[in-house]
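Grab a viewer and work through a few exercises on the fold shown here. Try each task yourself before you read the solution.

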Amino acid sequence: MSQQDRLVIFDTTMRDGEQSPGASMTKDEKVRIGKALERMRVDVIEAGFAAASPGDFASIQAVADAVRASTICSLARAVDRDIEHAAEALKRAERARIHTFIATSPIHMKYKLRMEPDAVVEQAVHAIKKACNYVDDVEFSCEDAGRSDVDFLCRIIEAAINAGAKTINIPDTVGYAIPDEFGRTIRTLLDRIPNADKAIFSVHCHNDLGLAVANSLAAVANGARQVECTINGLGERAGNAALEELVMATRTRTDLFNISTGIDATHIVPTSRLVSSITGFPVQPNKAIVGANAFAHESGIHQDGVLKHRETYEIMKAEDVGWGANKMVMGKHSGRAAFRSRLTELGVTFATDAALNDAFARFKELADKKHEIFDEDLQALASEAITDSVEDVYRLVSLESHSATGETPAAELVVAQSGVEHRSKSEGGGPVDAALKAIEAVACSGANLLLYSVNAITQGTDAQGEVTVRLEKDGRIVNGSGADTDIIVASVKAYIHALNLLESGSSRQHPQNDGV
């Protein structure tokens, strides 16, 4: 397959996606997502921003160790320190890419960089040449290219390719572009830059106007051969182009896009649910491809048409993107071997037998409450087991709640704080409100509750409820998650998880807020 027939899928869920307020991921969670992306056969995985924090550095190293089939990438500003950190973090990767960037729009150069255009070109060339000393695969991004002067873009991109950049990324950093306009920009660059044929042109579109996927597709139609995207469209502000939508749009409309990706689409839905579970960002029911209603038909006319001939109202097969696929229903009679095997297939492994035994015990406890346990339940169980493996400040010991018609709901619980048990009782507008107030009576955290969300993990009245709690304190935002067949218990787990994240102090720092 020639370069012109192949569309490279570059996933930045773990870098740009994590910049969504409250979407921070632990190292182990990033490894789980990395393995899921590898199973999907994603070409390039941007695992983080190595210079951003020690946590990001360690996460990139861990993903590089765990994922061998995909190229592992680290973002780096066009400065020596960032590039050195990226190179060090990627040392053990089977295939490594350094992705360096500098702003190219007049407003960014004048007010943010405070640099003249000549100096910007010089710094970009220096950074690319330095990165080429460490890896063979260097990508260069023109930050805020959507608002940059085309003549200047031609100049800096030509210099970047001559310096050794193999991929040139044109980001619509602030989501300002319109599809027709953005497509023309890509075509103009490809036509005007003398050495454009020496590099793959890429796009990274933000969704501020709801046009990230449309702009990306317009760019592909005009010659871009890499798209940068995220699972579920996760990302800062309004998010990024959604990987699942880009992949299925190009696959469904081969009459317009004479290209193909190497993506195994059957892993799209499981990966979407994994990312949603880890970040605490639920997928809206009407979300394309991965939403619960994406392949649902309520209209009688639609139902009749689908029954007679599926393609009357469905342009894709649900099973092609992972709906109903990869399902092994497990229950209380399932053994340890089947449990371990299914979790391994889902990309979940445990460092020790003790950790596996603990997770298996949780599985058996859940199986006593729930007749059938699905992959989504196992993902949530694994997330909880991994979260609880860390020594936390707060731990739920016991919980009793009371709610009756005409009476004020109340909750009484015992919470261990640094190993010391505290009993607390509170009333509230409902049993969840009462339980969370009882926890706060012990913690006195002073945090602001920004979000409380409940989603059923699977169907049925015995489904586990997955609760997300978002807390803010002193400008730091964290997402806590918890799952249980009892919504009140799940809520308490989520709140305690969030409190422990606040206590951990491992705040993720971004040297540059927007990046690309």
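Below are five exercises, each with a worked solution.

A note before you start: this is a predicted model, where local features need pLDDT of at least 70, side-chain atom pairs count only at pLDDT 80 or more, and totals for chains, interfaces and linings use all residues. Residues are numbered from 1 along each chain as its sequence is written, and side-chain values use heavy atoms, with hydrogens and water left out.

**Exercise 1. Describe the overall build of the protein.**

Step 1: start with secondary structure. There are 16 helices and 14 strands (DSSP runs numbered from the N terminus, helices being H or I with at least four residues, strands E with at least two).
Step 2: check the radius of gyration, taken over C-alpha atoms. It is 24 Å, close to the 24 Å from the globule rule for 516 residues, so the protein is as compact as a globular protein of that length. The rule is 2.2 Å times the number of residues to the power 0.38.
Step 3: look at burial. Of the 516 residues, 55% count as buried (under 20% relative accessible area; exposed is over 50%, partly exposed in between, with a 1.4 Å probe and protein chains only).

**Exercise 2. Trace the pairing around strand E10 and find the partners of valine 415.**

Step 1: E10 covers residues 410-417, and six of its eight residues are buried, so the rest of the structure largely encloses it.
Step 2: eight bridges join E10 to strand E9 (residues 394-402), running antiparallel; strands pair if DSSP finds at least two bridges between them. Another antiparallel pairing, with eight bridges, links E10 to strand E11 (residues 420-427).
Step 3: valine 415 is the bridge partner of leucine 396, and in E11 its own partner is histidine 422.
Step 4: go to the turn. The hairpin of E10 and E11 has two residues between the strands, and serine 418 takes a positive phi near 55° there.

**Exercise 3. Work out what helix H9 packs against.**

Step 1: list the buried residues of H9 (residues 243-252): Leu243, Glu244, Leu246, Val247, Met248 and Thr250.
Step 2: follow their packing. They sit against strand E1 (8-11), helix H8 (212-221), strand E8 (226-229) and helix H10 (268-279).

**Exercise 4. Which parts of the chain do the salt bridges of arginine 237 and lysine 287 tie together?**

Step 1: recall the cut-off: a side-chain nitrogen of Lys or Arg within 4 Å of a carboxyl oxygen of Asp or Glu. The structure holds 29 such bridges.
Step 2: arginine 237 pairs with aspartate 208, with the closest N and O atoms 2.7 Å apart. Arginine 237 is in the loop between E8 and H9 and aspartate 208 in the loop between strand E7 (200-205) and H8, so the pair ties together parts 29 residues apart in sequence.
Step 3: lysine 287 meets glutamate 245 in a salt bridge, again given as N to O, at 2.7 Å. Lysine 287 is in the loop between H10 and helix H11 (300-308) and glutamate 245 in H9, so this pair ties together parts 42 residues apart in sequence.
Step 4: compare cover. Lysine 287 is buried at 10% relative accessible area, whereas glutamate 245 is partly exposed at 22%.

**Exercise 5. Place histidine 108 and name its neighbours.**

Step 1: histidine 108 lies in helix H4 (residues 106-113) and is buried, with a relative accessible area of 11%.
Step 2: leaving out residues up to four places away in sequence, histidine 108 touches Ala103, Leu113, Arg114, Glu143, Asp144 and Arg147 (contact means heavy atoms within 4.5 Å).
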